[in-house]
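Me: Could you take a close look at one part of this protein for me, the aromatic rings and what goes on around them? I'd like it in one connected go, with the reasoning spelled out.

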Amino acid sequence: MLIVFVYLCSVMKTLILIILTFLNIGTPADTNEGEFHLYQINFADSLYKNYQPQHNFVEVKAAMEYFDSIQMSATIYQHQSNEYQRLCDSLSFICAKAHYYYAIGLSEKDDITGACEHHLHALEVMEELMMKNTRRKEKVYETADAGSSDTINPQEYEKIRFIALIYNRLGRLFYNAGYCDLAIIQYKNALRYLGLIEEIDSQSYIFKELGNTYHLYGKADSALYYYNKSLEISSNLANRLDIEKCVAKILFENGEKDSAYILLKNNLDKIENYRAKGAYYWVLGEMYYKDMVYDSAIVYLELSMNSSNSNVNLAASNYLSNIYKLQGDFDSKNYYDSISILHLCKHNNKTVEFARMSYVYNNHIKKKNTLDKTEEKDTYIFFISATLLIIICMILITTIKFHNYRKKINDKENEIETKEKSIKINIKEKSEILR
């Protein structure tokens with residue numbers, strides 16, 4: 001018993017130290033390890049927000065394993081105090097962040113399956129955390145005013161925003177894999193959470209991503225609807241230029257080629273970011289290739305080859321190879337064929353990863369459905385048990401009442417019988433006296 005007590009105390013101390021580290025109020029001597037791992041997660045967050053690759057991938061993995069081990073240890077000791085629950089909630093949030101940024105690192109290393117798996121794990125942790133908080137909140141407000149429970153505090157705001165961010169990343173993974181139906185589900189889930197906190201800029205971005213997904217899905221009308229929704233919320237120059245590039249592609253596909261070319265070329269001079277220009281170069285090069293205007297196609301396709309998107313590089317090199325073959329320039333054709341082969345190998349590897357990612361996601365859905373069914377079953381069993389208990393109680397109460405009622409009747413009958421006997425005796429005595 002002493003060993004168990006010491007172990008539980010150690011777990012509690014570790015939890016407190018981690019949370020103190022998270023709140024930046026712990027002493028360096030006590031929080032050295034926790035501070036280091038938490039710093040690595042925050043550093044990964046900073047790199048991600050500044051569009052930099054994850055330089056501390058190994059450290060993020062170590063942080064994830066560290067916080068996971070603490071969370072696993074914490075589940076052994078269950079305590080109902082508010083302070084303990086608050087510490088566990090904060091630890092769960094940190095664990096989810098660690099898995100999220102580790103997944104981003106895996107994405108950069110083209111481990112799509114691993115990225116999907118860890119994003120889903122982060123999502124499971126966060127949704128379970130939100131469910132627990134909702135249940136606790138309902139208990140707190142069950143005697144309060146109905147409207148007061150709808151207030152979202154800063155901690156809840158951050159958690160809701162983070163869940164939306166996870167769904168957005170999952171949507172992007174499925175979009176890149178060509179699983180448009182799954183991507184749409186993730187993006188709409190992201191919108192559902194963003195709607196709770198009314199974060200306008202993020203909603204505008206998700207609407208644009210939905211437009212891209214519906215366009216890839218071959219549903220141009222739905223794509224235009226979501227593009228317009230995005231522009232209604234945010235009409236800043238960067239967002240407008242990005243969306244109008246996509247609209248130009250739809251115009252070209254619908255036969256309005258002149259309008260598409262004019263829109264793209266007018267916007268090209270307004271773009272300062274080379275990355276955005278690269279996307280425009282690719283669209284123009286593809287359009288000129290399909291129109292068989294090969295001289296212009298070569299110019300824009302070669303400019304688009306500087307893109308960091310391997311899918312663009314693969315498609316552009318294939319187009320350029322075909323053009324140079326038609327022109328009889330076989331040296332240039334062979335050059336772009338070699339580039340195509342290089343990117344094709346990467347593309348095939350990603351195709352295998354995408355298939356595995358789908359398998360991971362299906363397992364996640366099965367697991368979630370199983371948990372939901374288990375919860376429904378538990379709720380059903382609880383409902384049936386409660387109903388039976390109520391029925392038994394009603395039967396007992398009715399039986400007791402009936403027993404008491406019969407007893408009262410018997411008592412009355414006995415009383416009446418006693419009085420009748422007494423009256424008979426009195427009559428008999430009086431009759432004797434009269435006689």
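Reply: Let's settle one term up front: two residues are in contact when they have heavy atoms within 4.5 Å. Also keep in mind that this is a predicted model.

A warm-up with Ala164, which is part of helix α6 (residues 154-177). Its relative accessibility is 4%, so Ala164 falls in the buried class, which takes anything under 20%. Setting aside neighbours within four places in sequence, Ala164 touches Ala190, Tyr193 and Leu194. The C-alpha of Ala164 is also 9.5 Å from that of Lys188, with the two positions 24 residues apart in sequence.

Now the rings. Two of them pair if their centres lie within 6.5 Å; planes under 30 degrees apart make a stacked pair and planes over 60 an edge-to-face one. Counted that way, there are 22 aromatic pairs. Take Tyr48 and Tyr101: the ring centres are 6.3 Å apart and the planes sit at 70°, so this pair is edge-to-face. Tyr48 belongs to helix α2 (residues 28-49) and Tyr101 to helix α4 (residues 82-108), so the pair ties together parts 53 residues apart in sequence. Tyr48 is partly exposed, at 27% relative accessibility, while Tyr101 is buried at 5%.

Tyr324 and Tyr336 give you the other geometry: centres 5.9 Å apart and planes at 5°, so they are stacked. Here the link runs from helix α14 (residues 310-327), home of Tyr324, to helix α15 (residues 330-434), home of Tyr336, and so joins parts 12 residues apart in sequence. Both rings belong to buried residues, with Tyr324 at 9% relative accessible area and Tyr336 at 8%.

Back to Tyr48 and Tyr101, because they belong to a cluster: ring pairs connect them with Phe93, Tyr100 and Phe162. One member of that cluster has a charge on it too, as the charged end of Lys97 sits over the ring of Phe93, 4.8 Å from its centre. You'll find another case at Tyr217, where Lys219 lies over the face of the ring, 4.8 Å from the ring centre.

And what else does Tyr101 touch? Gln54 is one partner. Gln54 sits in the loop between α2 and α3 (57-74), yet it is buried, at 10% relative accessible area. Beyond neighbours within four places in sequence, the contacts of Gln54 include Ala44, Leu47, Val60, Ile104, Gly105 and Glu108 along with Tyr101.

Technical notes: Residues are numbered from 1 along each chain as its sequence is written. This is a predicted model: local features need pLDDT of at least 70, side-chain atom pairs count only at pLDDT 80 or more; totals for chains, interfaces and linings use all residues. Side-chain values use heavy atoms; hydrogens and water are left out. Rings of Phe, Tyr and Trp (its six-membered ring) pair if their centres lie within 6.5 Å; planes under 30 degrees apart count as stacked, over 60 as edge-to-face and the rest as tilted. Helices (H or I, at least four residues) and strands (E, at least two) are DSSP runs, numbered from the N terminus. Buried means under 20% relative accessible area, exposed over 50%, partly exposed in between (1.4 Å probe, protein chains only). A charge sits over a ring if NZ of Lys or CZ of Arg is within 6 Å of the ring centre and within 35 degrees of the ring normal.
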